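The following exercises concern a ligand site and an annotated domain. Please work through each task before reading its solution.

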Amino acid sequence: MALFDAVDIIRVKRDGGALTPDQIDWTIDAYTKGVIKDEQMAALAMAIFLRGMDRGEIARWTDAMIRSGARMDFSGIGKPTADKHSTGGVGDKITLPLAPLVACFGVAVPQLSGRGLGHTGGTLDKLEAIPGWRAQLSNDEIMAQLGSGCGAVICAAGSGLAPADKRLYALRDITSTVESIALIASSIMSKKIAEGTGALVLDVKVGSGAFMKDLDAARELARTMVDLGRDAGVATRALLTDMSVPLGRKIGNALEVEESIEVLAGGGPSDVVELTCELARNMLDLAGVHDADVEAALADGRAMDRWRAMIGEQGGDPDAPLPRATHTHQLLAEAGGTVVGMDALSVGVASWRLGAGRAVKEDPVQAGAGIEIHAKPGEAVVAGQPLLTLHTDDEWRIERALQSLSGAIEIADGGSAEPRSVVLETVS
Ligand code: URA
């Protein structure tokens with residue numbers, strides 16, 4: 001491989017130039033091997049954040065990150081595979097009911113997931129609220145669970161998948177360079193392509209609780225990722241979905257497992273059910289199963305049976321009581337009227353401050369911490385009625401959570417909130 005100098009590469013991007021394929025290959029390889037130092041990569045990430053990358057650069061950057069590690073291969077399991085990736089939001093527990101639901105239709109779901117950082121929760125943290133459940137599986141265990149087992153796996157992505165991204169994502173997180181379309185698209189797609197799924201549906205969140213605050217930016221991110229997937233031979237589609245208000249009525253680890261079980265039992269909040277079914281239909285469609293009646297599989301217990309099998313195969317007890325936080329606090333409506341707004345970011349930060357999320361990678365999370373929402377936009381309330389219940393194991397956290405919630409919920413006298421569909425657009 002040609003030899004370059006990190007300083008020259010930073011300068012090219014700083015001045016708005018395009019990096020050559022050789023420069024990109026060298027950069028990712030040298031960073032993975034520790035030849036390029038974190039301070040140099042931080043400067044390059046900021047230059048990319050400010051100057052962007054063109055489509056060719058993003059495709060090569062993604063490919064180089066895939067080549068930095070191993071690729072999984074599910075061709076031996078004898079079933080089509082489909083996965084979903086969400087760009088992250090508040091109350092987004094969709095993976096939990098979705099994976100077993102899709103598996104009901106003979107499509108295997110290899111969902112290699114991560115932990116939460118900042119105000120958005122992590123799928124593994126949520127499932128670890130279930131007593132006995134194990135996130136770490138060997139490749140053989142993953143293959144067995146997908147092939148002869150329940151057909152769905154939610155587990156930790158091994159350290160061999162796109163290791164360049166692992167280092168770079170941690171660096172971006174502490175250098176304020178996360179919210180770059182080029183860097184987000186290449187980060188997500190390098191992991192998903194290396195994971196080896198045949199079909200991929202992206203849930204690109206839009207709104208205050210998401211990375212992408214406006215529809216145009218979300219569209220561009222979705223388009224970039226769909227193109228990267230297609231070019232790599234993965235059938236890819238993106239849904240742009242609303243994240244201006246939290247999803248569902250429960251936020252936090254055990255609380256989100258609880259709500260997912262409500263959905264698997266045929267109930268649950270309508271927005272969670274709508275998004276779960278819409279994503280399931282799209283995953284199945286891309287995997288070659290058209291016109292699947294996914295609502296029926298939720299209503300008749302088939303998805304619940306798969307969930308119980310999936311949790312059990314990973315050592316969890318689906319019947320064990322979920323952990324509860326030791327302290328609760330109710331936030332009451334100061335006036336009557338209609339709830340017309342509930343800011344997703346404020347609610348997510350409050351849940352995080354209650355102990356449901358972590359500030360740094362090494363922090364533990366509280367299984368029982370989080371927020372229950374009693375009234376969502378569009379619903380009428382009377383003065384003194386509970387709007388939220390806060391849950392935490394540390395009473396001192398409540399004050400800081402309440403600070404984040406100040407002004408987050410808007411109640412209007414006689415007002416009404418426009419009913420909004422969760423799914424805003426599809427990019428394919
Ligand atoms: N999730 C990722 O995996 N990478 C990003 O850059 C952002 C969200």
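**Exercise 1.** Which atom of the ligand does a polar side-chain atom of serine 187 lie 2.6 Å from?

*Solution.* The model is a predicted one. Step 1: take the cut-off for a polar contact, a pair of N or O atoms within 3.5 Å. Step 2: identify the partner of serine 187, whose polar side-chain atom lies 2.6 Å from a nitrogen atom of the ligand. Step 3: turn to the ligand oxygen contacts. A polar side-chain atom of arginine 172 lies 2.8 Å from an oxygen atom of the ligand, and for lysine 191 the distance to an oxygen atom of the ligand is 2.4 Å. Step 4: consider the cover. On its own the ligand has 240 Å² of accessible area, of which the protein covers 92%.

**Exercise 2.** Determine which residues surround the ligand, and which helices supply them.

*Solution.* Step 1: list the shell, which consists of Tyr169, Arg172, Ile184, Ser187, Ile188, Lys191 and Phe211. Step 2: sort these residues by class, giving 4 nonpolar, 1 polar and 2 charged. Step 3: assign them to helices. At least two residues of the shell come from each of helix H8 (163-173) and helix H9 (181-195). H9 provides the largest share, 4 residues.

**Exercise 3.** Describe the segment that UniProt annotates at residues 338-412.

*Solution.* Step 1: read the record. An unreviewed UniProt entry places the feature "domain: Pyrimidine nucleoside phosphorylase C-terminal" at these positions. Step 2: examine the chain over residues 338-412, which is 29% helix and 29% strand. Step 3: compare the ends of this segment; their C-alpha atoms are 5 Å apart.

How values were computed:
Residues numbered from 1 in each chain as written. Predicted model: local features only at pLDDT ≥ 70, side-chain atom pairs only at ≥ 80, totals over all residues. Heavy atoms only, no water. Near = heavy atom within 4 Å. Polar contact = N/O pair within 3.5 Å; in protein donor to acceptor, adjacent residues only side chain to side chain. Areas by Shrake-Rupley, 256 points an atom, 1.4 Å probe, with all protein chains shown as cover. Nonpolar A, V, L, I, M, F, W, Y, C, P; charged D, E, K, R; others polar. UniProt positions renumbered as here; feature names shortened; annotations may be inferred.
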